Amino acid sequence: MRPRQRDGSRANPAGRLDTDSEGLVVLTADGALQARIAHPKHKLAKTYWVQVEGNPSDVQLATLRQGVALDGVLTRPATARAMPEPPGLWPREPPIRVRKAIPTAWLELVLHEGRNRQVRRMTAAVGLPTLRLIRWSVGPWTLEGLASGSWRRESNMLPML
């Protein structure tokens, strides 16, 4: 059941995560804010931390930055960089599959669109299958200081967007 706001209205998610992904979901009862967050025309930045199979090359990162063809359509340019494993991550349930002979690495991807399973499809297209996917931020909101499964109330941030 969706949580009720103080005025009795129900909060709705602005965007979604697939069942294999973790991280930030913004809930709001403000329809204008929800549209601003979710609609691609606003190009709101969404930051993902992605654990991939393999070590990313400069060419693979450059391809992610320039855009990847998904279903014959090029994705918008993204920010892509290798990063160290994020400190203090909660355990993944169920745990990711680890193969001893294949290294893993972490990437930070910042997208300005949200196609179906886009991050997973982009990393797979450049030869780096996704093992773990965490949405770290949506616009001005981040997971900073939040434990897995917790939440916090924010003031209306529409003017900041």
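Let me begin with Leu17, which sits in the loop between β1 (12–13) and β2 (22–23). Please bear in mind throughout that the model is predicted. Leu17 counts as partly exposed, because its relative accessibility is 26%, and partly exposed residues fall between the cut-offs of 20% and 50%. Which residues does Leu17 contact, once its neighbours within four places in sequence are left aside? They are Glu22, Gly23, Leu24, Val25 and Arg135. Leu17 and Leu133 are 116 residues apart along the chain, and their C-alpha atoms are separated by 9.7 Å.

Arg135 brings me to the second largest pocket, which holds about 500 Å³ of space. Of the 27 residues in its lining, those closest to the centre are Arg16, Tyr48, Gly114, Arg115 and Arg135. Which helices and strands each supply at least two residues of this lining? They are α1 (31–38), β4 (46–53), α3 (118–125) and β9 (130–138). Sorted by class, the lining comprises 11 nonpolar, 7 polar and 9 charged residues.

I turn now to the protein as a whole. The model contains 3 helices and 10 strands, and their order along the sequence is β-β-β-α-β-α-β-β-β-β-α-β-β. The protein is as compact as a globular protein of 161 residues, because its radius of gyration of 17 Å is close to the 15 Å given by the globule rule. Taken along the principal axes, the C-alpha atoms fill a box of roughly 55 × 35 × 25 Å.

Of the 161 residues, 39% are buried. The exposed surface of the protein is about 9400 Å², with carbon and sulfur atoms supplying 53% of it. Among contacts with a separation of 6 or more, 69% are between residues 24 or more positions apart.

Finally, some remarks on backbone geometry. Most residues other than glycine have a negative phi, and most peptide bonds are trans. Where does this model depart from the trans form? One such place is the bond joining Glu93 and Pro94, which is cis, with omega at about -5 degrees. Pro94 belongs to the loop between β7 (79–83) and β8 (104–111).

Positive phi values also occur. Asp71 has a phi near 55 degrees and lies in the loop between β5 (69–70) and β6 (73–74). With a relative accessible area of 70%, Asp71 is exposed. Arg117, in the loop between β8 and α3, has a phi near 50 degrees. Its relative accessibility is 34%, so Arg117 counts as partly exposed.

Conventions: Residues numbered from 1 in each chain as written. Predicted model: local features only at pLDDT ≥ 70, side-chain atom pairs only at ≥ 80, totals over all residues. Heavy atoms only, no water. Helix = DSSP H or I, 4+ residues; strand = E, 2+ residues; numbered from the N terminus. Buried < 20%, exposed > 50% of the residue type's maximum accessible area, 1.4 Å probe, protein only. Contact = heavy atoms within 4.5 Å. 1 Å grid on protein atoms, 1.4 Å probe; cavity = no way out; pocket = protein on both sides within 12 Å on 5 of 7 lines; lining within 4 Å. Points joined across faces, edges and corners; volume = space filled by probe spheres on them. Nonpolar A, V, L, I, M, F, W, Y, C, P; charged D, E, K, R; others polar. Rg over C-alpha atoms; globule rule 2.2 N^0.38 Å. Areas by Shrake-Rupley, 256 points an atom, 1.4 Å probe, with all protein chains shown as cover.
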